[in-house]
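This report describes the packing, the strand pairing and one helix of the protein shown below.

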Amino acid sequence: MKKLRYPSRNVKNKAVKLFTAAILVIAAAFGILHDYIAKETGSKQLLAATDGYFTAHYIDVGQGSAALLASPDDSFMLIDTGTTESSAYLVKYLKDAGVDTLDYLIITHPHEDHYGGAESVIKNFPVENFLILSDFTDTYPYDRFIYMLENNSFGVDTNIEPVVRDDTFTFANDCVFRIISPEEADFDDFNESSLALKLIYGNTAFLFTGDSEKATENAMIANGYDLRADVFLAGHHGSATSNTLAFVQAVSPEYAVISCGKDNSYGHPHEDTLKNFESCGAEVLRTDISGSIIIVSDGNSVSLPQAQ
């Protein structure tokens, strides 16, 4: 009779390690799925809580920027479209938010982390108005977007609107926004060529400055604009090259939203920026920590909606 051979200690150790590794992989996959479901459920609950309000969505597109503005009458404006990598998530978010048509599409400047999702957006949604700095109409990627919009599959006659500083527009029935920068394009510095705009809804205001940096911020102050805003999307993802103390003081926001990627290689947001917001009493909200951020206005004040 043959003697039974038991596995050696090495074989048993390998089996234990493989079993442990398998358990860890399953646990990690479950954790990712759980986080995804929680994120999706939370987003839908928050979206349901915004009915009847003017709503600003600061969408988590990683190290990029995309902001959706929605009026109570279901008009929509999209300011920037994040990265190419995040375009599928952006399109899904817009659909979940009830977007059928974009009344305005605005790309603040030609950097991929701000225009990367534009092609996907144009393919999935009719666009009524495309706002572009007048100096950029014949430059890439704007010429590409203009071609796509003029040959869209929806049969919509998109208005291509070259803009300059101080142009004013009506959004929905009860919002106005004004282009407050730049004075002209700087083809050697696209950040300083960012479109900046202030939108007013009732007695509340929202400010967007793209990646405008110190020189442009100083110019906006020097030009005498009323920069006060309840909500400010921090310039250049919270970089210290933007968001100077003088500018933050002029804006005096209740909420400062920072759109940046988790553990990004730029170190955004920078400590100086956070200190400037803190010194002005602004509550800082970050997409790298909280994911997509929603702020609502009833025309008199702004607040964070509570999930239903």
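## Nonpolar cores

The largest nonpolar core holds 64 residues, of which Tyr58, Phe177 and Leu199 touch the most other members. Here a nonpolar core is a set of buried Ala, Val, Leu, Ile, Met, Phe, Trp, Tyr and Cys residues joined through side-chain atoms within 4.5 Å. Buried denotes under 20% relative accessible area, exposed over 50%, and partly exposed in between, with a 1.4 Å probe and protein chains only. Apart from the largest core lies another one, of 19 residues, including Ile180, Tyr225, Ala256 and Ile258.

The model is predicted: local features need pLDDT of at least 70, side-chain atom pairs count only at pLDDT 80 or more, and totals for chains, interfaces and linings use all residues. Residues are numbered from 1 along each chain as its sequence is written, and side-chain values use heavy atoms, with hydrogens and water left out.

## Tyr58 and strand β1

Leaving aside neighbours within four places in sequence, Tyr58 is in contact (heavy atoms within 4.5 Å) with Ala66, Ala67, Phe206, Phe208, Val231, Leu233, Val257, Thr287, Ser292, Ile293 and Ile295. Strand β1 spans residues 54–58, and 5 of its 5 residues are buried. Helices (H or I, at least four residues) and strands (E, at least two) are DSSP runs, numbered from the N terminus.

In a regular strand the side chains alternate between the two faces of the sheet. In β1 both faces are covered, with Phe54, Ala56 and Tyr58 buried on one side and Thr55 and His57 on the other. β1 runs antiparallel to β14 (residues 293–297), to which 5 bridges join it, and Phe54 stands opposite Ser297. With β2 (residues 67–70) β1 is also antiparallel, through 4 bridges, and His57 stands opposite Leu68. Strands pair if DSSP finds at least two bridges between them.

## The seven-stranded sheet

An open sheet of 7 strands, with mixed pairing, follows the order β7-β8-β9-β10-β11-β12-β13. Because β7 (168–171) and β13 (283–286) stand at the edges with a single partner strand each, one side of each is left without a neighbour in the sheet.

Within this order, β9 (residues 196–201) and β10 (residues 204–208) run antiparallel and are joined by 5 bridges. Leu199 has Phe206 of β10 as its bridge partner.

## Helix α2

Ser87, Leu90, Val91, Tyr93 and Leu94 are the buried residues of helix α2 (residues 87–96). These residues cover an arc of only 160° around the axis, taken from the directions from the helix axis to the C-beta atoms, and therefore lie on the same side of α2. After α2 comes Gly98, whose phi is positive, near 90°.
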